[in-house]
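Biologist: I would like to learn how to read helix packing, burial and salt bridges from a set of coordinates. Could we take them in turn?

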Amino acid sequence: MKPGYIKKIQAKSRDLTVLPMGLDSLVVESRSDDTHNHMVKVQFSPDGEVRTACTCAWAKYHGVACSHTMAALEHLAARKGRSLSFWLSEDDARRQKQRIFYMVNERNPDDGVWITSRAG
């Protein structure tokens, strides 16, 4: 399931603290529960697909692109001097004329989120 208000979630994700825990794992703070954080795993494939897994309730019930995964991906992009934007449709992403990735929803591959990357 895609988030309905992706730009609102993206804005929320920019305020979350992220700590790397290895090559593909990151800890992202939870704003709804001060005593817990969420683990996010990220995998990149050579064809531009991004696979993520998060321990939050949204991800648990088959959601893609929670604020924690967005924060983790933004953190990784910032380390390379890049900035990301998230889009609900491929057309919206292509209009940006930037490098494009696709965040796959493992349960429904046609229900993912598009990501653009720009210098930033």
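**Reading the packing and the pairs**

Modeller: Let us begin with orientation, bearing in mind that this is a predicted model: helices α1 and α3 are oblique to each other.

Biologist: At roughly what angle do the axes of α1 and α3 cross, and within what distance do they come?

Modeller: An angle that is neither roughly parallel, roughly antiparallel nor roughly perpendicular, the last running from 65 to 115 degrees, counts as oblique. Here the axes of α1 (residues 6-13) and α3 (residues 67-78) cross at roughly 60 degrees and come within 8 Å, and the crossing is right-handed. On the α1 side the contact is made by Ile6, Ile9, Gln10, Lys12 and Ser13, and on the α3 side by Ser67, Met70, Ala71 and Glu74. Sorted by class, the contact has 4 nonpolar, 3 polar and 2 charged residues.

Biologist: Is serine 83 buried or exposed?

Modeller: A residue counts as buried when its relative accessible area is under 20%. Serine 83 has a relative accessible area of 15%, and is therefore buried. Serine 83 is placed in strand β5 (residues 82-87), and, leaving aside its neighbours within four places in sequence, it is in contact with Glu74, Thr116, Ser117, Arg118 and Gly120. Glu74 is also one of the α3 residues in the contact with α1.

Biologist: How many salt bridges does the structure hold, and which parts does the pair of lysine 41 and aspartate 24 tie together?

Modeller: A salt bridge requires a side-chain nitrogen of Lys or Arg within 4 Å of a carboxyl oxygen of Asp or Glu. The structure holds 7 of them, including the one between lysine 41 and aspartate 24, at 3.6 Å from N to O. Because lysine 41 lies in strand β3 (residues 37-44) and aspartate 24 in the loop between β1 (18-20) and β2 (25-29), this pair ties together parts that are 17 residues apart in sequence. Lysine 41 is partly exposed at a relative accessible area of 42%, and aspartate 24 is partly exposed at 27%.

Biologist: What is the N to O distance between glutamate 49 and arginine 51, and how far apart are the closest N and O atoms of arginine 95 and aspartate 92?

Modeller: The side chains of glutamate 49 and arginine 51 meet at 2.8 Å, whereas in the salt bridge of arginine 95 with aspartate 92 the closest N and O atoms are 2.2 Å apart. Arginine 95 is exposed, with a relative accessible area of 55%, while aspartate 92 counts as partly exposed at 26%. Salt bridges that share partners also join Glu49, Arg51 and Glu106 into one network.

Conventions: Residues numbered from 1 in each chain as written. Predicted model: local features only at pLDDT ≥ 70, side-chain atom pairs only at ≥ 80, totals over all residues. Heavy atoms only, no water. Helix = DSSP H or I, 4+ residues; strand = E, 2+ residues; numbered from the N terminus. Buried < 20%, exposed > 50% of the residue type's maximum accessible area, 1.4 Å probe, protein only. Contact = heavy atoms within 4.5 Å. Axes fitted to C-alpha atoms, helices over the stretch in contact; angles between N-to-C directions. Parallel < 35°, antiparallel > 145°, perpendicular 65-115°, else oblique. Left-handed = near helix turned anticlockwise from the far one by under 90°. Nonpolar A, V, L, I, M, F, W, Y, C, P; charged D, E, K, R; others polar.
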